[in-house]
Amino acid sequence: MTDHGCTRRFALIGVAALVLRPNALIAADGLVITVHKDPSCGCCSGWVQHLQKAGFVAKVVETRDIDAVKARLGVPDDLAACHTAELSGYIVEGHVPAAALQRLLAEKPKAAGLAVPGMPVGSPGMEGGSPEPYEVVLFGPDGRRTYARFLADRAL
């Protein structure tokens, strides 16, 4: 005979955990973002903090040869920024907001990854000054397109 009360109890505990801590699902599923960055880069550390506040689990790999990482992963030169990350089989280049990453994980488009070329003022990790609008680019073997537009960390 099955103890349905026990099963319901575990289900309720699980639902309560997600309500109280919705980003726990990201960590529970093992969705760790691996960030390759130069040890002296402050804006990269700011971007990592932005991701952690959004509930991502960040594994930081410091390297002085970030260009080798970009080459290994296939980041197009014109989309390059100061740090490169890997998330669930995708490449994440530059100051991509957590909201764009969450959308990427939900939609799972056929692509190599997302990029925010350069270092737009106001993007996560580049706070300070007057924020400028910027684009998040979806790129891969089928080409590239604007995936989202942001001002600071808010989608436009």
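**Exercise 1. Sort the residues of α4 by side: which are exposed on the other side of the helix, and which are buried?**

*Solution.* Start with the outward side: Asp-67, Ala-71 and Arg-72 are exposed there. Keep in mind as you go that this is a predicted model.

Next, the inward side. Helix α4 covers residues 66–73, and Ile-66, Val-69, Lys-70 and Leu-73 are buried. They cover an arc of only 100° around the axis, which puts them on the same side of α4. A bit of helix geometry helps here: an α-helix has 3.6 residues a turn, so residues three or four places apart point the same way.

Then ask what the buried residues of α4 lean on: they pack against β1, β3 and β4. Finally, look just past the end of α4, where Gly-74 has a positive phi of about 85°.

**Exercise 2. Check the length of α3, then work out which elements its buried residues pack against.**

*Solution.* Take the length to begin with. α3 has twelve residues, which at 1.5 Å a residue should span 16 Å; the end C-alpha atoms are 17 Å apart, so the two agree.

Now list the buried residues of α3: Cys-43, Cys-44, Gly-46, Trp-47, Val-48, His-50 and Leu-51. Their packing partners are β1, β2 (57–62), β3, β4 and α5. After the helix comes Gly-55, with a positive phi near 100°.

For a closer look at one of these contacts, go to Val-60, which sits in strand β2. Val-60 touches Val-35, Lys-37 and Val-48, leaving aside residues up to four places away in sequence. Its C-alpha atom is 6.1 Å from that of His-36, although the two are 24 residues apart along the chain. Is Val-60 buried, partly exposed or exposed? Its relative accessible area is 37%, so Val-60 counts as partly exposed.

**Exercise 3. Find the largest nonpolar core and say which element gives the most to it.**

*Solution.* The general idea comes before the details: in soluble globular proteins, nonpolar side chains tend to be buried together.

Here the largest core has 26 residues, and those with the most contacts inside it are Ile-33, Phe-56, Leu-101, Leu-114 and Val-136. Elements giving two or more residues include β1 (32–37), α3 (42–53), α5 (98–107) and β5 (113–116). The top contributor is α5, with five residues. There's also a second, separate core of nine residues, with Ile-66, Leu-73, Ile-91 and Ala-115 among them.

Zoom in on α5: Ala-98, Ala-100, Leu-101, Leu-104 and Leu-105 are buried. Looking down the helix axis, the buried residues fall within an arc of 160°, so they line one face of α5. Lys-108 follows the helix and has a positive phi, near 50°.

Val-136 makes a good last stop. Among the residues it touches are Pro-97, Ala-100, Leu-114, Tyr-147 and Phe-150.

**Exercise 4. How many aromatic pairs does a search of the whole structure find, and where do the partners sit?**

*Solution.* The search turns up one pair. Tyr-134 and Phe-150 form it, with 6.1 Å centre to centre and 20° between the planes; that angle makes the pair stacked. Tyr-134 belongs to strand β6 (residues 133–140) and Phe-150 to strand β7 (residues 143–151), 16 residues apart.

Check burial last. Tyr-134 counts as buried because its relative accessibility is 4%, and Phe-150 is buried too, at 2%.

One more ring is worth a visit: Arg-103 lies over the face of Tyr-147, 3.8 Å from the ring centre.

Technical notes: Residues are numbered from 1 along each chain as its sequence is written. This is a predicted model: local features need pLDDT of at least 70, side-chain atom pairs count only at pLDDT 80 or more; totals for chains, interfaces and linings use all residues. Side-chain values use heavy atoms; hydrogens and water are left out. Rings of Phe, Tyr and Trp (its six-membered ring) pair if their centres lie within 6.5 Å; planes under 30 degrees apart count as stacked, over 60 as edge-to-face and the rest as tilted. Helices (H or I, at least four residues) and strands (E, at least two) are DSSP runs, numbered from the N terminus. Buried means under 20% relative accessible area, exposed over 50%, partly exposed in between (1.4 Å probe, protein chains only). A charge sits over a ring if NZ of Lys or CZ of Arg is within 6 Å of the ring centre and within 35 degrees of the ring normal. A nonpolar core is a set of buried Ala, Val, Leu, Ile, Met, Phe, Trp, Tyr and Cys residues joined through side-chain atoms within 4.5 Å. Contact means heavy atoms within 4.5 Å. The arc is that of the directions from the helix axis to the C-beta atoms. The expected span of a helix is 1.5 Å times one less than its number of residues.
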